[in-house]
Amino acid sequence: MRWGRWERWRGGVRGGRRGFLRDGLLWAVVAAPIGFARLTPPYETDTVPLGLGTLLLLAVAVRLGHRRPLPALVLVVLGSLLDGNFVFAIPVFSYLAGRRSPGTTPAAAVFGVIAAGGTILNVGLLGTGAATWFLLASVLVFAGVFPWLVGRYRRQQRELGVAGDRHAEAVARERRGAAERIRLRERARIAQEMHDSLGHELSLIALRAAALELADDLPPRHRTAAGELRASVAGATERLHEIIGVLREEGTGAASTLPAGESVAELVDRAREAGMAVRLDGDPLDLPAMAGHAAHRVVREALTNAARYAPGAPVTVTLARLGGRVEVGVANAPPPAGPLPGPPSSGSGLLALRERVRLAGGTLTAGPGAAGGFTVLARLPLAPTPPLDSPPAQPVGQPAEGQPVEGRPAEAERRLREARRRVRRSLVAALGAPVVLGLVLTLVYYPFATAGAVLDAVAFDRLPLGAARQELTGLPRRQAEPPAGARPGCEYYTDGNFPLAQATWRLCFSDGRLVGKERID
């Protein structure tokens, strides 16, 4: 107990150290632009305390990002109000938020609040121009939304891998369960056959004992013994019927329509009379009960499969005694008209055969033959032997289609399809959403930036120098956003260039008269 606690403590310490190192590396990466800007001149009086405060804020965001990735992202965005270099950390924390957040609605709400709050702060309170607002909105899209979509896609890729593993485990469990059910049904069928044969023999013994009991010349002592024998056999028959009845499935209570004690040779003759092109190679063998039942079942199932999946193809049944065992083989040629259409079989018939042969102490192989048909070969011991170890729970191929497709659990299949659908949607969103948002921003910004501020080239050329401001006609009702380093006393207008609608024309006035006009490159 103490050793287990020690190992758990050491594992927790090692995991904590690895997490601390990862957080330290992340902090160093996102803090590098801020630290570089603070350590290079020019220096101001508040450089050191402001730099330490921003680095501490980043450290808090890194630690908070494990459990609360969206609040950590908001913290970094707010930090950009103190230092513009925080913009380099926004894509990193956006990606981590997409990777660590399970839902999309909280992230959409956070991005909406950031967009609305930033717009109110910059346009309403700080008086930022339209071009600056467009630039900030573009930064939010490409540095915030796009990395979040990529992180979301990576998260769902990981979930898809987990769903695939669970699906594979569910399919394996279903296959094992199906194989076990087939084995149990086969064992119940074997028990039923033993009941039929033993019940018949016990009934004959009881009949002979009853006849002996009624004989006139039998001494009373022997008559009593014959009566006791008859009663014992009748009781044993009844107990056998009760025990086997527990194993019998619903709907299997009807008597078998197959001839009792039918040999392999008689089975082949009956199939030939039914129209199959089948021949028997080898002399009929007197087999023990267990081996005889297994051989009969192998030939019957193989002939049934050949008639179903390879109609019209010649079939060869072979019987050979090799030392202390017998080999039973059934081989059919390819069907003359090709494989029949239809869904593949689950291979449950051959899997049941494999269990029957295993219980008899033998082995069974089945698969495509050298000539393109299908071959089933069983090796059965003549003397009773313990059953071989159970084979792996894997379906066996069938003649027409080769390897079967085991039925997949519906719930696992549905979850896998849903995970794949989510990954596809995330990929489309990661690639298309930034483009769509960029177009929306452009379509929102461009009409606002050009409304009432466009001066075409013809009207610009007609403006006469020296004319009073009031005499000029064709001037827009408002100006475009002035460029950096705008001259005092000058007005700026745009020619409607897409998508930023930047200032194109500069008109300079002195004492209310136009003294200069030029095009801005």
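# Close-up views of helices, sheets and single residues

**View 1. Helix 8 and helix 9 cross in a right-handed manner.** A crossing counts as right-handed if the near helix is turned clockwise from the far one by less than a right angle, and left-handed if anticlockwise. The model is predicted, with local features requiring pLDDT of at least 70 and side-chain atom pairs pLDDT 80 or more, while totals for chains, interfaces and linings use all residues. Residues are numbered from 1 along each chain as its sequence is written, and side-chain values use heavy atoms, without hydrogens or water. Helix 8 spans residues 264–273 and helix 9 spans residues 289–309; their axes come within 9 Å and cross at roughly 20° (axes are lines fitted to C-alpha atoms, for helices over the stretch in contact, with angles from 0 to 180 degrees between N-to-C directions). Helix 8 is therefore roughly parallel to helix 9 (under 35 degrees; over 145 is roughly antiparallel, 65 to 115 roughly perpendicular, the rest oblique). Helix 8 contributes V264, L267, V268 and A271 to the contact, and helix 9 contributes A295, H296, V299, R300 and L303 (contact means heavy atoms within 4.5 Å). Sorted by class, the residues in this contact are seven nonpolar, one polar and one charged (Ala, Val, Leu, Ile, Met, Phe, Trp, Tyr, Cys and Pro are nonpolar, Asp, Glu, Lys and Arg charged, the others, Gly among them, polar). Helix 8 also lies across strand 1 and strand 2, and runs at about 160° to strand 1.

**View 2. Five strands form an open sheet with mixed pairing.** The order of the strands across this sheet is 1-2-3-5-4 (two strands pair if DSSP finds at least two bridges between them). Strand 1 (278–281) and strand 4 each have a single partner strand and stand at the edges, so one side of each is left without a neighbour in the sheet. From one strand to the next, the twist averages 10°. Within the sheet, strand 3 (residues 325–332) pairs with strand 5 in the antiparallel sense over eight bridges. A331 stands opposite T375, a residue of strand 5.

**View 3. Strand 4 and strand 5 form a hairpin.** Strand 4 covers residues 363–368 and strand 5 covers residues 374–381; the two pair in the antiparallel sense over six bridges. P368 has F374 of strand 5 as its bridge partner. Five residues lie between the two strands, and G372 in the turn has a positive phi of about 100°.

**View 4. A310 is found in the loop between helix 9 and strand 2 (315–322).** A relative accessible area of 4% makes A310 buried (buried means under 20%, exposed over 50%, partly exposed in between, with a 1.4 Å probe and protein chains only). Beyond residues up to four places away in sequence, A310 touches N305, N332, A333 and P335. A333 is 23 residues from A310 along the chain, and the C-alpha atoms of these two residues are separated by 7.7 Å.

**View 5. T54 lies in helix 2 (residues 47–64).** T54 is buried, and its relative accessible area is 1%. Apart from its neighbours within four places in sequence, T54 is in contact with I34, D83 and F86.

**View 6. Three strands form an open sheet with antiparallel pairing.** The strand order here is 6-7-8. At the edges are strand 6 (490–493) and strand 8 (513–519), each of which pairs on one side only. Neighbouring strands of the sheet are turned by 20° against each other on average, direction ignored. Strand 6 is joined by four bridges to strand 7 (residues 505–510), and these two strands run antiparallel. Y492 stands opposite R506, which belongs to strand 7.

**View 7. D511 is found in the loop between strand 7 and strand 8.** D511 is exposed, with a relative accessible area of 79%. The phi of D511 is near 55°, a positive value in a residue other than glycine. Most residues other than glycine have a negative phi.

**View 8. The whole protein contains 12 helices and eight strands.** Helices (H or I, at least four residues) and strands (E, at least two) are DSSP runs, numbered from the N terminus. The protein has 521 residues, of which 36% count as buried. Among its contacts between residues at least 6 apart in sequence, 68% join residues at least 24 apart.
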